[in-house]
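Please look through the sequence and the structure shown here before reading on. The report below then takes up the fold and the charged side chains.

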Amino acid sequence: MKDFIREYPLFSLCGLNCGLCTMHIGGLCPGCGGGDGNQSCAIARCGKERGVEFCIHCGDYPCAKYDGIDDYDSFISHLSQKQDLEKLGCIGLDAYRLELDEKITMLAALLERYNDGRHKSPFCTAVNLLGIERLRVIMTTLGTKTTPDMTPKEKAALASQLMEAAATEQEVSLKLRKKK
């Protein structure tokens with residue numbers, strides 16, 4: 001959308017963590033309000049018209065645009081979308097930004113050190129949905145349990161195992177849900 005620029009495009013108006021999305025990481029999307037893109041997004045058009053940085057700051061939130069918004073996923077999970085928006089509303093942008101930036105850094109480390117070429121999407125989903133404290137434990141555990149002689153496949157398997165265990169404990173699925 002022309003002239004759609006936001007202060008922090010790595011967290012969308014509607015609550016998606018764009019900085020953890022495979023499309024953004026792959027350089028195919030600038031993030032919400034990161035310049036050209038989002039042409040068909042009704043929420044982005046609405047936010048631009050109303051002059052709000054995040055939907056949570058709109059007096060009409062949640063509006064009809066949120067009906068069924070978390071029924072399925074796109075390139076990123078929509079499961080935590082509303083929860084993350086509400087967290088932003090409670091702790092403020094600066095604190096939320098610090099947490100999301102930490103998650104982005106963790107994801108970069110996972111992709112660089114523990115990806116065997118087949119785990120980009122699962123790692124993105126896990127970092128998006130798992131709590132920051134669990135992710136810190138996972139990263140520490142990976143740092144102590146991996147050795148230089150481990151293959152990329154073994155490192156990826158260990159990372160996946162730790163994430164799946166955390167997801168089970170948190171009662172969340174790490175599979176993206178397709179539109180029916």
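What follows describes a predicted model, beginning with the chain as a whole and ending with its salt bridges.

The protein chain holds seven helices and zero strands, so its elements are all written as α from the N terminus on, in the order α-α-α-α-α-α-α. The radius of gyration is 17 Å, close to the 16 Å that the globule rule gives for 180 residues, and the chain is therefore as compact as a globular protein of that length. Of these 180 residues, 44% count as buried, while residues 24 or more positions apart account for 71% of the contacts with a separation of 6 or more.

Side chains of opposite charge can pair when their charged atoms come close. In this model the count comes to nine salt bridges, among them the three in the table.

| Salt bridge | N to O distance |
|---|---|
| Glu7 and Arg97 | 3.8 Å |
| Asp70 and Lys82 | 3.8 Å |
| Arg177 and Asp73 | 2.8 Å |

Glu7, in the segment before α1, and Arg97, in helix α4, are 90 residues apart, and the pair links distant parts of the chain. Glu7 counts as exposed at 55% relative accessibility, whereas Arg97 is partly exposed at 29%.

Arg177 lies in the segment after α7 and Asp73 in the loop between α2 and α3, so this pair ties together parts that are 104 residues apart in sequence. Asp73 is buried, with a relative accessible area of 6%, whereas Arg177 is partly exposed, with 24%.

Finally, a network of salt bridges links Glu102, Glu133 and Arg136.

Terms used. Residues are numbered from 1 along each chain as its sequence is written. This is a predicted model: local features need pLDDT of at least 70, side-chain atom pairs count only at pLDDT 80 or more; totals for chains, interfaces and linings use all residues. Side-chain values use heavy atoms; hydrogens and water are left out. Helices (H or I, at least four residues) and strands (E, at least two) are DSSP runs, numbered from the N terminus. The radius of gyration is taken over C-alpha atoms; the globule rule is 2.2 Å times the number of residues to the power 0.38. Buried means under 20% relative accessible area, exposed over 50%, partly exposed in between (1.4 Å probe, protein chains only). Contact means heavy atoms within 4.5 Å. A salt bridge is a side-chain nitrogen of Lys or Arg within 4 Å of a carboxyl oxygen of Asp or Glu.
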